[in-house]
Amino acid sequence: MTKRKPIPSLELVAPVLTGKVAAIARLLTRAEIGDEEASEALAEIYRHTGQAAIVGVTGVAGSGKSTLIQRLVAAIRNGSRTVAVVAVDPTSPFSGGAILGDRVRMHSFANDPGVFIRSMATRGALGGLARTTLEAVDVLDAAGFDIVLIETVGVGQDEIDVLRSAHTIVVVSAPGLGDDVQAIKAGILEIADIHAVSKCDRTDSSKTLTDLKNMLTMNMSCQQRSGWSSPVVATSALDGQGTVELLDHIDNHLAFLKSSGEITARRQRIAEWRLLQSAEDLLHSEFVKHRDGRLSSFTQQLMSRETSPRIAAKQLVDNIFRENRS
């Protein structure tokens, strides 16, 4: 039996633009694995982006992000808007795939054509996102979804790449995780446009809410400069408490970005970061491709203390660039 040839990625663009689920899934897979054959198709997809509202949802592991997102997706669908979720999960050390790839808690949306959920493995990337997260967002944006939710992996206090990836940032905190307020961790407090405190059906949630509001009051100068005051929303995935209010705040923040002109600055920040990230990926790929046989002499110089790692690295890079130009 002859093996069927895979559909060229460029031929997937048209069906993606009309929202065909199979084409979306195929192109997402090729983007995630870094298939070079898909680069031209992804470039064409990028030309059709810029319509979706991109919302990042972050917070430490165990804060209830996934369950809250499930409730948020339901609230979005009740308003007839379409929504896609890119959920970044830890990488399995055995398969290399997303450990929570089945997204079993979101099975209730399996037959809803207005919802698309995709798990992505970090594949060693730091900062809470996978390297190809925003290419996945591009595909879903171009496919016509009104809102794209990015759920970060939940690695903790250095998880701020989402700041450079989304228009609106929701930071989820929960009572009883060892800190009075997890958002106080480095960088997290400052990146939030909206704070959601999950599990507010618990008796100890009031302390988390109070402490977070007090911290935001002390940090009022930053909010005054931006013109937006970050609200604190009490939520409970158990009974859906606060979900509609959270969605209202997300919509209000997106409206604020547009009316104030801040949306342009955020889009520029995303574009600049993507440019730098792509350049870094290309440089890394070029280095890996050309490094064989070039490391030994520099390694020996480092071992004998004839040079420093930084100087040796600069010479190595200069050599690679010089060879590429010749």
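Let me begin with a term: a residue counts as exposed when its relative accessible area is over 50%. By that criterion Ser80, at 61% relative accessibility, is exposed. I shall return to Ser80 after an overview of the structure, which is a predicted model.

First, the overall composition. The protein has 326 residues, and 45% of them count as buried. Its secondary structure consists of 12 helices and seven strands. The accessible surface comes to about 17,200 Å², and carbon and sulfur atoms account for 54% of that area. As for the contacts between residues at least 6 apart in sequence, 74% of them join residues at least 24 apart.

I turn now to a pair of helices. Helix α4 covers residues 65-78 and helix α9 covers residues 243-260; their axes come within 9 Å and cross at roughly 75 degrees. The two helices are therefore roughly perpendicular to each other, since angles of 65 to 115 degrees are classed in that way. On the α4 side, the residues that meet α9 are Leu68, Arg71, Leu72, Ala75 and Ile76. Their counterparts in α9 are Thr243, Leu246, Leu247 and Ile250. By type, the residues of this contact divide into seven nonpolar, one polar and one charged.

Within α4, I would draw attention to Leu68. Is Leu68 buried or exposed? With a relative accessible area of 3%, Leu68 is buried, because the cut-off for that class is under 20%. Leaving aside neighbours within four places in sequence, Leu68 is in contact with Val172, Ala196, Thr235 and Leu246. The C-alpha atom of Leu68 is also separated by 7.6 Å from that of Ser236, although the two residues are 168 apart along the chain.

Next, the nonpolar cores. The largest of them contains 36 residues, and those touching the most other members are Val16, Ile24, Leu27, Val139, Leu140 and Val148. Which helix supplies the largest share of this core? That is helix α5, residues 133-142, with six residues. A second core lies apart from the largest one and has 29 residues, among them Val57, Ile76, Ile194 and Phe256. Ile76 has already appeared, as one of the α4 residues that meet α9.

To return to the largest core, Ile24 may serve as an example of its members. Beyond four places in sequence, the contacts of Ile24 are with Val16, Gly19, Phe116, Val139, Leu140, Ala143 and Phe145.

Helix α5 itself is largely enclosed by the rest of the structure, because nine of its 10 residues are buried. The buried residues of α5 include Val137, Val139 and Leu140, and also Thr133, Asp138 and Asp141. Just after α5, Gly144 takes a positive phi of about 100 degrees.

That brings me to backbone geometry. Most residues other than glycine have a negative phi. Ser80, with which I opened, has a positive phi near 75 degrees. Where does Ser80 lie? Its place is in the loop between α4 and β2, the latter spanning 83-89. Lys199 is likewise not a glycine and has a positive phi, of about 60 degrees. Lys199 is found in the loop between β6, which covers 194-197, and α7, which covers 205-218. Whereas Ser80 is exposed, Lys199 is partly exposed, with a relative accessible area of 27%.

Methods:
Residues are numbered from 1 along each chain as its sequence is written. This is a predicted model: local features need pLDDT of at least 70, side-chain atom pairs count only at pLDDT 80 or more; totals for chains, interfaces and linings use all residues. Side-chain values use heavy atoms; hydrogens and water are left out. Helices (H or I, at least four residues) and strands (E, at least two) are DSSP runs, numbered from the N terminus. Buried means under 20% relative accessible area, exposed over 50%, partly exposed in between (1.4 Å probe, protein chains only). Contact means heavy atoms within 4.5 Å. Accessible areas come from the Shrake-Rupley method with a 1.4 Å probe; for residues, only the protein chains shown count as cover. Axes are lines fitted to C-alpha atoms, for helices over the stretch in contact, and angles run from 0 to 180 degrees between N-to-C directions. Angles under 35 degrees count as roughly parallel, over 145 as roughly antiparallel, 65 to 115 as roughly perpendicular and the rest as oblique. Ala, Val, Leu, Ile, Met, Phe, Trp, Tyr, Cys and Pro count as nonpolar, Asp, Glu, Lys and Arg as charged, and the others, Gly among them, as polar. A nonpolar core is a set of buried Ala, Val, Leu, Ile, Met, Phe, Trp, Tyr and Cys residues joined through side-chain atoms within 4.5 Å.
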